[in-house]
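User: Hi! Could you walk me through this model?
Analyst: Happy to, ask away.

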Amino acid sequence: MRIALLQHASPVDVAPEKNLAKAMGMMRDAAGQGARLLLTQELFTAHYFCQVEDIELFKLAESIPGPTSEKLCALAKKLKVEISASLFEKRAPGVFHNTSIVISERGEIIGKYRKMHIPDDPRFYEKYYFTPGDVPGENEAAGWQTHQLRDAKVGTLICWDQWYPEAARLTALRGAQLLIYPTAIGYAHSEPDGEPARQIDAWQTVQRSHAITNGVYVAAINRVGVEGDLTFWGHSFVVDPGGRVIAQATDDQEQILLADCDLGYIDRVRMNWPFFRDRRIDAYGGLTRRYID
């Protein structure tokens, strides 16, 4: 299965319509290179607006289905590709989500995942904008999800989710063969020397760990460029179930990153590393507690 990660800049002074048009142009190019599943970065149509708390920025949100998803559905149908896209969703007045949708080659939305872990840190004030996803089982767009595509079953998680092994595990236990992490991560310009490199290494290490411990492919799609006080570090990458990085983008260039995923490799890895077999599911009750005093 050939996948394409679409890494690009989304400058503050560029309208969402232009960012969407650029991304759709990259999708056409990727399809022309044989990609069957196209993956966007987090909130790809706009700059990373969560650096500030501004009520006017809620105007960037839209319903799903809505104008952006409808254009992506039409493109998927025309190109006969599948798309995973990250959008700012207006669910209802006063209820907004950071949402990933999955679009089939027929041009239909077959999945909607609402980000479960919401950060609130300097320059990442996401709790102001986003309501966390619903508890699993509350509705069809709640909790950890997988979606059956032509070639593979995929699980959609989003950015801050990537630091939580529980999220990766529960999605993999639903049969995901590929975990998709649209991302907006970068470093502040005030960081001391060496800190950006440390953060990039930690970011990649934790996702390689998800691939290894769950026997799945992992794709992380990040943006590039300077926005306000943040430099987004790119480095979009794909890692295989053995933990090897099989494709990686640059740190500062817009790029279509292609990767070929051998789904048969999942079986071979899991037979040699049977982590699912040896899990002590009878002993993990403490994971449902906030902290064990």
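User: How many bridges join β11 to strand β14?
Analyst: Three bridges join them, and the two strands run antiparallel. Strand β14 covers residues 230-233. Helices (H or I, at least four residues) and strands (E, at least two) are DSSP runs, numbered from the N terminus. Before we go on: this is a predicted model, where local features need pLDDT of at least 70 and side-chain atom pairs count only at pLDDT 80 or more, while totals for chains, interfaces and linings use all residues. Residues are numbered from 1 along each chain as its sequence is written, and side-chain values use heavy atoms, leaving out hydrogens and water.

User: Thanks! Which residue is the bridge partner of tyrosine 187 in β14?
Analyst: Threonine 231 is its partner there.

User: What order do the strands of that open sheet take?
Analyst: The order is β11-β14-β13, with antiparallel pairing; two strands pair if DSSP finds at least two bridges between them. At the edges are β11 (186-188) and β13 (224-227), each pairing on one side only. From one strand to the next, the twist averages 15 degrees.

User: Which helix lies across β11 and β14?
Analyst: Helix α4 (residues 195-214) does, running at about 45 degrees to β14. Axes here are lines fitted to C-alpha atoms, for helices over the stretch in contact, and angles run from 0 to 180 degrees between N-to-C directions.

User: Switching sheets: what is the strand order in the six-strand one?
Analyst: That open sheet goes β5-β4-β3-β2-β1-β17, and its pairing is mixed. β5 (109-114) and β17 have a single partner strand each, so one side of each has no neighbour in the sheet. The twist averages 30 degrees from one strand to the next. Inside the sheet, β3 and β4 (residues 95-103) run antiparallel and are joined by nine bridges; serine 84, for instance, has valine 102 as its bridge partner in β4.

User: Where does α1 sit relative to that sheet?
Analyst: α1 lies across β1, β2, β3 and β17, at about 155 degrees to β1. Helix α1 spans residues 16-32. Its buried residues are Asn19, Leu20, Ala23, Met24, Met26, Met27 and Ala30, buried meaning under 20% relative accessible area, exposed over 50%, and partly exposed in between (1.4 Å probe, protein chains only).

User: Why do those end up on the same side of α1?
Analyst: Because they cover an arc of only 160 degrees around the axis, an arc taken over the directions from the helix axis to the C-beta atoms. The face turned away from that buried side carries the exposed Glu17, Lys18 and Gly32.

User: And what do the buried ones pack against?
Analyst: They pack against β1 (2-7), β2 (37-40), α2 (67-79), β3 (82-92) and β17 (255-260), with contact meaning heavy atoms within 4.5 Å.

User: Is threonine 40 buried or exposed?
Analyst: Threonine 40 is buried, at a relative accessible area of 3%. This residue of strand β2 has a side chain that reaches the backbone nitrogen of serine 86 at 3.1 Å. Beyond neighbours within four places in sequence, threonine 40 contacts Met27, Ser84, Ala85, Ser86, Pro182 and Ile221.

User: What about lysine 77, buried or exposed?
Analyst: Lysine 77 is exposed, with a relative accessible area of 54%. Lysine 77 lies in helix α2 and touches Glu105, Arg106 and Gly107, not counting residues up to four places away in sequence. Glutamate 108 is 31 residues from lysine 77 in sequence and 8.2 Å away in space, C-alpha to C-alpha.

Technical notes: The expected span of a helix is 1.5 Å times one less than its number of residues. A polar contact is a pair of N or O atoms within 3.5 Å; within protein, one must be able to donate a hydrogen and the other to accept it, and residues adjacent in sequence count only if both atoms are side-chain atoms.
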